[in-house]
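Look at how the chains of this model meet. Start with the strands, then widen the view to the interface and the symmetry.

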6 protein chains.
Amino acid sequence: MFDLITFGEAMVRLSAPDFKRLEQTTTLDINIGGAEMNVAVAAARIGLKSSFVTALPSNPLGRMIANKAREHGVDTSHIVWSDNGRAGLYFVEFGSAPRGTAVLYDRADSALAQIQPDAVDWDKLFSNTRVFHTTGITPGVSDTAATVAMEALAEARRKKVLVSFDVNYRERLWNRERARAVLVPMLEYVDVLFVTESDITRVLGIEAGDSEKMARSIFEQFGTKVIVTTASGASIREGKAFAAAAYAGGRFYGERGYKVETVDRIGAGDTFVAGFLYSYLSDKTDIQQALQYGVAISALKHTFPGDISWINLDEVQRLIAEKESREISR
Amino acid sequence: MFDLITFGEAMVRLSAPDFKRLEQTTTLDINIGGAEMNVAVAAARIGLKSSFVTALPSNPLGRMIANKAREHGVDTSHIVWSDNGRAGLYFVEFGSAPRGTAVLYDRADSALAQIQPDAVDWDKLFSNTRVFHTTGITPGVSDTAATVAMEALAEARRKKVLVSFDVNYRERLWNRERARAVLVPMLEYVDVLFVTESDITRVLGIEAGDSEKMARSIFEQFGTKVIVTTASGASIREGKAFAAAAYAGGRFYGERGYKVETVDRIGAGDTFVAGFLYSYLSDKTDIQQALQYGVAISALKHTFPGDISWINLDEVQRLIAEKESREISR
Amino acid sequence: MFDLITFGEAMVRLSAPDFKRLEQTTTLDINIGGAEMNVAVAAARIGLKSSFVTALPSNPLGRMIANKAREHGVDTSHIVWSDNGRAGLYFVEFGSAPRGTAVLYDRADSALAQIQPDAVDWDKLFSNTRVFHTTGITPGVSDTAATVAMEALAEARRKKVLVSFDVNYRERLWNRERARAVLVPMLEYVDVLFVTESDITRVLGIEAGDSEKMARSIFEQFGTKVIVTTASGASIREGKAFAAAAYAGGRFYGERGYKVETVDRIGAGDTFVAGFLYSYLSDKTDIQQALQYGVAISALKHTFPGDISWINLDEVQRLIAEKESREISR
Amino acid sequence: MFDLITFGEAMVRLSAPDFKRLEQTTTLDINIGGAEMNVAVAAARIGLKSSFVTALPSNPLGRMIANKAREHGVDTSHIVWSDNGRAGLYFVEFGSAPRGTAVLYDRADSALAQIQPDAVDWDKLFSNTRVFHTTGITPGVSDTAATVAMEALAEARRKKVLVSFDVNYRERLWNRERARAVLVPMLEYVDVLFVTESDITRVLGIEAGDSEKMARSIFEQFGTKVIVTTASGASIREGKAFAAAAYAGGRFYGERGYKVETVDRIGAGDTFVAGFLYSYLSDKTDIQQALQYGVAISALKHTFPGDISWINLDEVQRLIAEKESREISR
Amino acid sequence: MFDLITFGEAMVRLSAPDFKRLEQTTTLDINIGGAEMNVAVAAARIGLKSSFVTALPSNPLGRMIANKAREHGVDTSHIVWSDNGRAGLYFVEFGSAPRGTAVLYDRADSALAQIQPDAVDWDKLFSNTRVFHTTGITPGVSDTAATVAMEALAEARRKKVLVSFDVNYRERLWNRERARAVLVPMLEYVDVLFVTESDITRVLGIEAGDSEKMARSIFEQFGTKVIVTTASGASIREGKAFAAAAYAGGRFYGERGYKVETVDRIGAGDTFVAGFLYSYLSDKTDIQQALQYGVAISALKHTFPGDISWINLDEVQRLIAEKESREISR
Amino acid sequence: MFDLITFGEAMVRLSAPDFKRLEQTTTLDINIGGAEMNVAVAAARIGLKSSFVTALPSNPLGRMIANKAREHGVDTSHIVWSDNGRAGLYFVEFGSAPRGTAVLYDRADSALAQIQPDAVDWDKLFSNTRVFHTTGITPGVSDTAATVAMEALAEARRKKVLVSFDVNYRERLWNRERARAVLVPMLEYVDVLFVTESDITRVLGIEAGDSEKMARSIFEQFGTKVIVTTASGASIREGKAFAAAAYAGGRFYGERGYKVETVDRIGAGDTFVAGFLYSYLSDKTDIQQALQYGVAISALKHTFPGDISWINLDEVQRLIAEKESREISR
């Protein structure tokens, strides 16, 4: 039925324009965001039939979130509409060196946090679906959200749906110990794992080292088929180091980044996931190409405002082609 | 498959903010509009499963039009994407008495104007569809658009899909003679006809008179099942006259309007059609209720910017209920 | 120390510009509001030394609320700063007939809702203070907020500080029974009561009748010194009926309204209170003048965006003078 | 050389958007204005070859004023550019009843206030010119501005250029006595006089009465060929009274107004002058038509933001034709 | 009569603000642009008496284009006003690395494309004119536009008006073969040629090489007096290479660029032409100075939004002086 | 009573958005600024009880200035409100290389310029005050402003209030000779002097040299306790040179800068002063720490729009801590 189903929280993002501080601004720009919705939108735009599952309040803010996902072609017919819970919000204050971008979350008691077990019919949703994606944020939202996420993972495994998971540890949601206790059991179900280097150590508890070594440790511990790592906090920039790397089938792959003038980097990691999965679904043996798609689409995501992707497939492919021709001519 | 399929041209609307003149403004507000798309959006929001069929160029403006229809839940998977033709545009300058609102159309050579016969698979689309709606604008766009519209009407009749048609004569597209020559043969296929009093005389060539008499003349001439008339140029305002009237099954129905503070009246007539059809599909015998829905949703459409509807079903029903309780208490 | 101390919740108000619907807007205008803060600001601008007591979170939104009160000269040094609780929010969608203005509250779990008993040193605050004002919203926010409000009322009575109270029943906070159970005991402490005609019946449980009769019933039941009533839902408009009325010392006073072109009516009732109290503090025997000040400042409040007052004393006095000269010349 | 030359001060106008109060706003909208420039712009747009003479500082604000006049086709090659003096400014706070629109002038020490006698070569400018227009504001700006205005009037008379003059008394520039002392001698040179009813009494010292009587008094005192009066403070509105009236050749003419929804009325009087002069220059015997043009263009001026006219000749003529057909059909 | 006459198409430019994608934006910023108009505006601002000749539709968009040229002092009295044809439009999406700036042209069937031979009286226009400038875009607009351009070139030669020409090949207008067939015959009439290095090879068909060699080839083939080349796609940036170079009188001249923080580079090449011509007209022997003026004004053009120049002569001269003093002090 | 009192002129700042040129913009952003007010605001936000003394006109612009200072917690109760004089204005055009930021002052005849001797009761204000700060701008505003500044300096010395002074020479206010004649006598009263390297030579007439040598010359000439120098025109940037240096107690201290992406540098120097004084008041022996605070808060000031600081103490301290940990890890 769908190429991709994602599950998680989506929020209304309110940001101060023109590098104003939140205290200072008299208007806010509205966008929507949320790791799993970002993946669904970015994937839908480049050609995956995608559905986003969440819980939303039956009010204008809830409808706005669903509308904007639908605007990009994401199926929203499996959203759980609720009279309880609010729309999660987050306020963004864009930084300029030496002041960093600051995020003020106001997401407690959201509709997703109040979702009830069995609220989603995963059994039905997963017939004929190719990949399911969620992140470590979802179980951090509430205990019941964690329960529903676990229901989804178990059902996906049962239905032989490929499971993709982004660790995405959020310090402001829960501490490392609680996160580890909940996330480690989930990893048993994961086929494709996305994780930053710093989350490997602080959440998975694996000793720091080079990317390859850490990825291999994850493989040894969880048997994950594909492990994709990105440098902690690194943007997808040109440089000596890899912007992203992967370990799969006993081999290690690395991909360099692009020269990026950042307009808005929020959501770039989620867009990376969408690019990777798009390529991976089309050819599971070409991990290097999947990294290329992920890095290219993520670089493009930095160049316009908002969390969600406005990138088309031909733009990703053209950027990859230019990079290759540059590398050849060197 | 769908409750409602509409076919016609959608355009990008560019309007000067704050009552500025076009010559004067330094920014433009973007909305999208087009009679048939407006009907599809308004209907989708209140619960009809709707699809909008058109032709659009494969560029950002074309995609924007499809996105915005999809944002409201309208199916856009049957749009014909084209490398020929441009996105139609229209510029709006809002007026304030004694200066009227002015529209500058820039729609020539649009993708829809260049649509080719057989571009749409009406046969497939009309299986399982309840109502098809188009307007007199579509055949005015180009000869091939007229051909495709006629294909649709004929196929709808063949498939016993209810046909809804809004005369919507546009002087700037074609003159009365050409319009009459093309539109009159189309009326043979129409089950529910929407027409302003002035179009009855200038396009259909029927003598002016009271609403009821003119509607009966149409019935006598074309055998149209339901004829809905609105006072020429009238907004859906409170007053002695009916805001809208209908003639069906030999009976005449009239519905009064609301006190309206107009923010943007463009598209209000299309929203009326959506409200009427919504109610009519649920109960074909209650013409009075269909008028109520049409008038109420149309009144609400005047109260926010843009051509397309942002109105939910409960808002329409609440407004009707308030009106009824007011009328009872009088 | 202060002419006026008010206590209650202040929120960040986020409104859609230009009559857009919330679902539709891409930006929000920021203002701050809250019944008791509105009174403090309006009073400070016309010359009362005012302090606003509340609880706010130590984050940019909390600071923004305090800043904006301070901008108008309100003392904010007695605000309770908290690491718990969020800044209350409310979203406004301005209406245009027949669509009403809609408010979406998102105020649960605010810092004020989580205030603890004894968090405010009322004893110290009330030395040398002339009037204390709060509303029926505050005890509706949470049980502890109700407790702190009751502490304030009791302490004010003890210190012989005049107590002003606006019933301000909010259906979305609590039901009538709960409101009545909490508010009626509070009325024992009130010297100047502001109440709409509809709240007199639905909250105080007093039979509907004319203003004077209802006010007298309140006096008989609670012995309130001054009872100020405003027509339910009425704006401060020109007309035959009184815009506001008062019952004091066994006498009834009424004041007519103004011709008003409304830009934003939210907060107008609170500004009325400020105008009334300003005049009343300067001359407790001239109730008619207090009504004049209240009605005039409230009319002016309708004419610019935002909940809070930007009106100066000379503007109020000039408007009253013009009205008087008009009435004389008739 | 020119159909019309005007002389006076032009300023940068800074206004608060959306009915905000000046104290409240965080942005200002920029327009330019000034009675004589307004006349030149409005006249140029409807077909008079116009030149605007003033003094401006050689800085971005000065250039902006000249640019905007030139944008509408007004000749600016006779502007006196100066290193002394500033660009006059005025701040506008739009009102909404019962709060009136407020203007804060900040025009002292402008470049025009510092203009020197003989700075303008009137002799050369007035060869081949049909009408010269200035207002009572110009001599109020400074003594030297008054001197230069008088030079212009005298030279115009010498060259047999028609002289048009709008009394336009501004209380904030000078008191009635000083204004009268300066303006009355100027009236000797005036052929076409524009004056509000209230200025007739407070500046010219003529007893109040009906329009016709007051106009005749002016004629008797000054021998002015054409005297055009407008009701004091009246907008060009539909109603029983005349919106404007004229006395010429011993006859009295009156013209009714239009239904007007006002967006911005500043500059409407100046636009009236332009409309009157346009018609008068084309036919000096048809005073009624000149009033029609003045009233129609002035009504249109109310409908968009800014002091200056964005109206074309065909719009004026269409409005007049509609009015006439309405009056006939009554 | 004029120092400079330019002929070509001017369009309304609609751009998405704040690096938004076109699909994403809800407002558009309006500017006007067009290679030949840009030259006329930039030249007029620094002191050349300039006239811009084009064809425009008699509607608000056409008037807006003329207004904005006139705002900067460009003569617009020779524009051909037309009831046929539309105003050309182009949509701009500003890029940020690695996403490039994208332009969506919507210029087909413009008024200029429909211009008729003999529509412009070149004979009259060229008496007393010093230089005529057009570009390779104009003949690409339509066959009749090419005809009128050729009429102009021939008449300029006849009247001994200096002819300036910018090759400006636009792939989206026509292919190289058609461009070459039309443009090469035009070069016979050209005195001062502006051409990028890449256009020398792809349009003129001259073998790639260093600037000097390519310029000499052009001279040998066409006998062009002055050949000005700019590095393909290069902005006017500081660096080792020349930002612009010229070949004249058998000598080669090169000029280095500036450190530039780009806000909007569109139109910078046209501004370069204006700077070059300004200096060249004042001293035809000082080619190095003409390059200096061109490079300096073009660098300044990058620093504000819009295609057209807002630069004054003193700013250009100050920048050149600073550069010279920097170079001396090294 | 206050930790800090500052005295000087505050103005309304009107700036063109988005790198537009002033001539080009149609809106202006409003901020407030003025060296001494900037110091008071920045200091109040990080914890000093501050009062700002100035003269302001009793109009909306004057009130706006006081409001905005009060918004940040600055005491404004000692402002001299005046019916004479205007609010000083300045227009800002933000630059982008190679075009510099340009300021157009329009501050003549401000309320402060017209302040009268003895208008401020310094005697009362300085009881219980820790530091008084003014700058070399204040005496440049007018002779009477200079007189009042001198009254303040003398009274501060008498009351043993620490005197802080920023030379801040403004070429557009007065020439070097007049500045020197007025400022040098003031330096006798100064305890903490802030001065750029270029002002040391051009205003104080001390020979150029390295920072330390110049500072020592000042000490030798005036006996100033603490002399803080900043590199002329330098922003607070990372680099080899010191961003700021100080000479005190015979020792020289230097502090390096930060990597800064500048949004708006205006007011950064004033914010530096506030940071320095904050630290210095808490520990007069730790000059190095005072430089750290000054440099850190000044770097942060560059990162948002407006002259005034929106920085909190914890942000300054966190930035310093990060810098130290970076330096340690090197």
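In this predicted model, strand E3 of chain A pairs with strand E3 (residues 27-33) of chain C. The sense is antiparallel, and the pairing runs over three bridges. Within it, A:Thr27 stands opposite C:Asp29.

The strand pairing belongs to a wider contact. Here 21 residues of chain A touch 21 residues of chain C. Interface size is often expressed as the accessible area lost when the parts come together. Between chain A and chain C about 2000 Å² is buried, and carbon and sulfur atoms give 60% of that. Three residues stand out on the chain A side: A:Glu23, A:Leu28 and A:Ile30 supply 27% of the area that chain A buries against chain C, more than any other three residues.

Polar links cross the interface too. Nine residue pairs are in polar contact between chain A and chain C, counting pairs with both residues at pLDDT 80 or more. Four salt bridges are found across the interface of chain A and chain C. In a salt bridge between A:Glu23 and C:Arg63, the side chains meet at 2.7 Å, N to O.

Which elements of chain A each supply at least two residues to the side that touches chain C? They are strand E3 (27-33), helix H2 (60-71), strand E7 (89-93) and strand E8 (102-106). H2 of chain A gives the largest share, five residues. By type, this side of chain A divides into ten nonpolar, five polar and six charged residues.

Now turn to the symmetry. A turn of 120° with a shift of 0.0 Å along the axis lays chain E on chain A, with an RMSD of 0.0 Å. That is the relation of a three-fold axis. In chain E, E:Asp18 has the C-alpha nearest the axis, 5.2 Å from it.

Notes:
Residues numbered from 1 in each chain as written. Chains lettered and ligands numbered in written order. Predicted model: local features only at pLDDT ≥ 70, side-chain atom pairs only at ≥ 80, totals over all residues. Heavy atoms only, no water. Least-squares fit on C-alpha atoms with pLDDT ≥ 70 in both. Contact = heavy atoms within 4.5 Å. Buried area = accessible area lost by both parts, 1.4 Å probe. Polar contact = N/O pair within 3.5 Å; in protein donor to acceptor, adjacent residues only side chain to side chain. Helix = DSSP H or I, 4+ residues; strand = E, 2+ residues; numbered from the N terminus. Nonpolar A, V, L, I, M, F, W, Y, C, P; charged D, E, K, R; others polar. Pairing = 2+ DSSP bridges.
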